[in-house]
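Dear colleague,

I am handing over the structure we spoke about, and I would be glad if you could look it over alongside the notes that follow.

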Amino acid sequence: MSAQESPLPVVGDARLYLACPLTDLTSTARRQIRSDVAAVKRAVERATLVDRLPADAWPLAVYAPIDHTAPWDDDGLTAHEVYAHNLREVHDSDCLIVLAERGGSTGVGQELEWAIQLRVPVLYLTTRSAASRQIAGSPAFISAREYNDDAATLEDHVRNFLLQWRPLILDGPARRQSRALRFEAMTTRLRAAWQSCRNPTEVAAEARIDLEYLHLALSDPRYVAVMATDTLLTLAHLLDVPLQTIDPGPTFALPVPMLRPLMAAAVDQDWDDTMVERLLHEGRAALMRGTSSDLETISGWTRLSTSLT
């Protein structure tokens with residue numbers, strides 16, 4: 001088995017990964033999970049499309065493993081294929097919502113850790129019990145909320161989450177593409193050296209890396225981007241691949257004609273740093289969409305701030 005190069009992603013609509021427990025569910029628990037998944041999807045559609053004017057709509061595609069890799073479906077997928085499939089989908093997403101029910105599952109925990117590594121916003125929803133202190137205390141963009149089996153409360157949490165993190169979520173597709181482009185050359189060098197290596201088993205053993213993991217990691221530059229530094233350095237050394245300095249890529253900074261009125265509006269409206277940061281993210285997203293012409297005025301930034309509250 002050899003690693004196959006994955007096509008680089010293109011900038012498109014933002015995507016949400018909806019995780020939930022799927023293993024060893026009773027029929028009652030399965031029905032409840034399906035109901036909660038449907039509630040999340042309704043809330044996403046209303047928050048991004050239905051309750052917005054056409055010009056302010058922001059399509060957010062939802063991927064839920066329950067619709068694609070549920071263990072009760074006869075899909076013929078192996079455990080390795082399910083792992084690889086869900087890993088790719090998390091890396092193709094710009095935010096994560098977890099339906100932890102009454103404690104979640106080990107699979108959900110793994111998906112949560114992937115999202116934390118990718119630094120995307122996470123909404124962690126529990127039913128009657130609070131999230132563990134370890135989850136709530138994770139140094140990441142995590143919001144932990146309870147919904148007590150109430151669909152209306154669940155939908156409110158989803159809408160508030162999307163409103164809070166909209167700028168960062170909309171910025172996600174561009175950040176994903178930037179990450180892939182920045183690590184493409186390094187991944188190509190590592191992949192070529194690995195495929196021509198005469199003793200791959202010995203290299204993997206010396207680096208203490210699973211062979212299947214290496215095949216998967218070297219198939220996509222975005223996986224290499226989040227590889228542990230010690231693992232990456234060891235692998236490069238054993239394969240005799242020089243690691244050149246990584247280009248940090250474009251920062252998507254706002255141009256001065258947009259920054260000046262933003263700063264003036266911040267003083268005039270007495271915005272705190274959190275609001276200014278949210279507006280910066282929103283402005284960058286508008287710049288990439290080509291809808292930022294109104295942000296060269298103080299009134300434009302003021303109207304944008306009003307839409308975020």
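With which residue does D294 form a salt bridge? The partner is R303, and the closest N and O atoms of the two lie 2.8 Å apart. Please bear in mind throughout that this is a predicted model. As to their surroundings, D294 is partly exposed, with a relative accessibility of 35%, and R303 is likewise placed in the partly exposed class, at 46%.

This pair belongs to a wider set, since a search of the whole structure returns 14 salt bridges. Side chains of opposite charge can pair when their charged atoms come close.

Another of these contacts joins R176 and D94, whose side chains meet with an N to O distance of 2.7 Å. The pair ties together distant parts of the chain, 82 residues apart, with R176 sitting in helix α5 (residues 151–195) and D94 in the loop between α2 (79–91) and β3 (95–101). R176 counts as buried because its relative accessible area, 6%, is under the 20% cut-off, and D94 is buried as well, with a value of 1%.

The side chains of R52 and D56 also form a salt bridge, at 2.4 Å from N to O. Here the two residues fall on either side of the 20% limit for burial: R52 is buried at 18% relative accessibility, whereas D56, at 28%, is partly exposed. In addition, salt bridges link R42, E155, D156 and R159 into a network.

Turning to the strands, β1 (residues 14–19) has 5 of its 6 residues buried, and it is therefore largely enclosed by the rest of the structure. Strand β1 pairs with β2 (residues 60–63) in the parallel sense, over 4 bridges, and within that pairing L16 stands opposite V62 of β2. Strand β1 also runs parallel to β3, to which 4 bridges join it, and there the bridge partner of L18 is I97. The β3 strand is also the one that follows the loop holding D94, the residue that meets R176.

Finally, there is the connection between the paired strands β1 and β2 to consider: together with helix α1 (residues 27–50), these two strands make a β-α-β unit, and that unit is right-handed.

I would welcome your reading of the model when you have had time to go through it.

With best wishes

Notes:
Residues are numbered from 1 along each chain as its sequence is written. This is a predicted model: local features need pLDDT of at least 70, side-chain atom pairs count only at pLDDT 80 or more; totals for chains, interfaces and linings use all residues. Side-chain values use heavy atoms; hydrogens and water are left out. A salt bridge is a side-chain nitrogen of Lys or Arg within 4 Å of a carboxyl oxygen of Asp or Glu. Buried means under 20% relative accessible area, exposed over 50%, partly exposed in between (1.4 Å probe, protein chains only). Two strands pair if DSSP finds at least two bridges between them. A crossover is right-handed if, with the strands pointing away from the viewer, the path from the first strand over the helix to the second runs clockwise.
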